[in-house]
Amino acid sequence: MRKYPRKLRVADLIKEEIAEILHRKVKDPRIQGITVTEVRMTDDLKEATVFYCETFHKSDRAELKVAMESAAGFIRRELAERIHLRSIPRLSFVYDDSFDHSERIGWILNSLKSKDEQGQL
């Protein structure tokens, strides 16, 4: 048995291709600065959940979700031209807020460090 199963290989390939499509092909300004962080595939490879985050925090998440969902058909057609699978998976998009959490933790640690340096702790 392979240590790197097909499901994960397909997910990595789709992640790379979607990132490329978003960067070079999608013209919607709401989607500029989007980073694809992860793709999770179902076992039958018919559904893909695409996790993304926004680099510059310029749009609200609801608007971004609408923009990503509206681009899903275009992205899927582009995937069909780029990758060779029996069927191209249906795409769903989920905002990945793990970077927001890590940014907040970093901010808290920095504020604690500055308070410690000022002798307030």
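In this predicted model, the count of aromatic pairs comes to two. A pair of aromatic rings is described by the distance of the centres and the angle of the planes. Tyr52 and Phe93 make up one of the pairs, with 6.4 Å from centre to centre and 70 degrees between the planes, an edge-to-face arrangement. This pair ties together distant parts of the chain, since Tyr52 belongs to strand S2 (residues 47–54) and Phe93 to strand S3, 41 residues apart. Tyr52 and Phe93 are both buried.

Tyr52 also pairs with Tyr95: the ring centres are 5.7 Å apart and the planes stand at 90 degrees, so this pair is edge-to-face. Here again distant parts of the chain are linked, with Tyr52 in strand S2 and Tyr95 in strand S3, 43 residues apart. Tyr95 is buried, as is Tyr52. Taken together, the ring pairs join Tyr52, Phe93 and Tyr95 into a cluster.

A visit to Asp96 adds to this picture. Asp96 sits in the loop that runs between strand S3 (90–95) and helix H3 (98–117). With neighbours within four places in sequence set aside, Asp96 is in contact with Tyr52 of the ring cluster, and also with Thr37, Phe51 and Cys53. The side chain of Asp96 is joined to that of Ser98 by a polar contact of 2.8 Å. What, then, is the nearest side chain of opposite charge to Asp96? That side chain is Arg40, 7.4 Å away, and Asp96, although buried, has no salt bridge. The cut-off for a salt bridge is 4 Å, so the distance to Arg40 does not qualify.

Methods: Residues numbered from 1 in each chain as written. Predicted model: local features only at pLDDT ≥ 70, side-chain atom pairs only at ≥ 80, totals over all residues. Heavy atoms only, no water. Helix = DSSP H or I, 4+ residues; strand = E, 2+ residues; numbered from the N terminus. Buried < 20%, exposed > 50% of the residue type's maximum accessible area, 1.4 Å probe, protein only. Lys, Arg positive; Asp, Glu negative; His and termini not counted. Polar contact = N/O pair within 3.5 Å; in protein donor to acceptor, adjacent residues only side chain to side chain. Contact = heavy atoms within 4.5 Å. Phe/Tyr/Trp six-rings, centres within 6.5 Å; stacked < 30°, edge-to-face > 60°.
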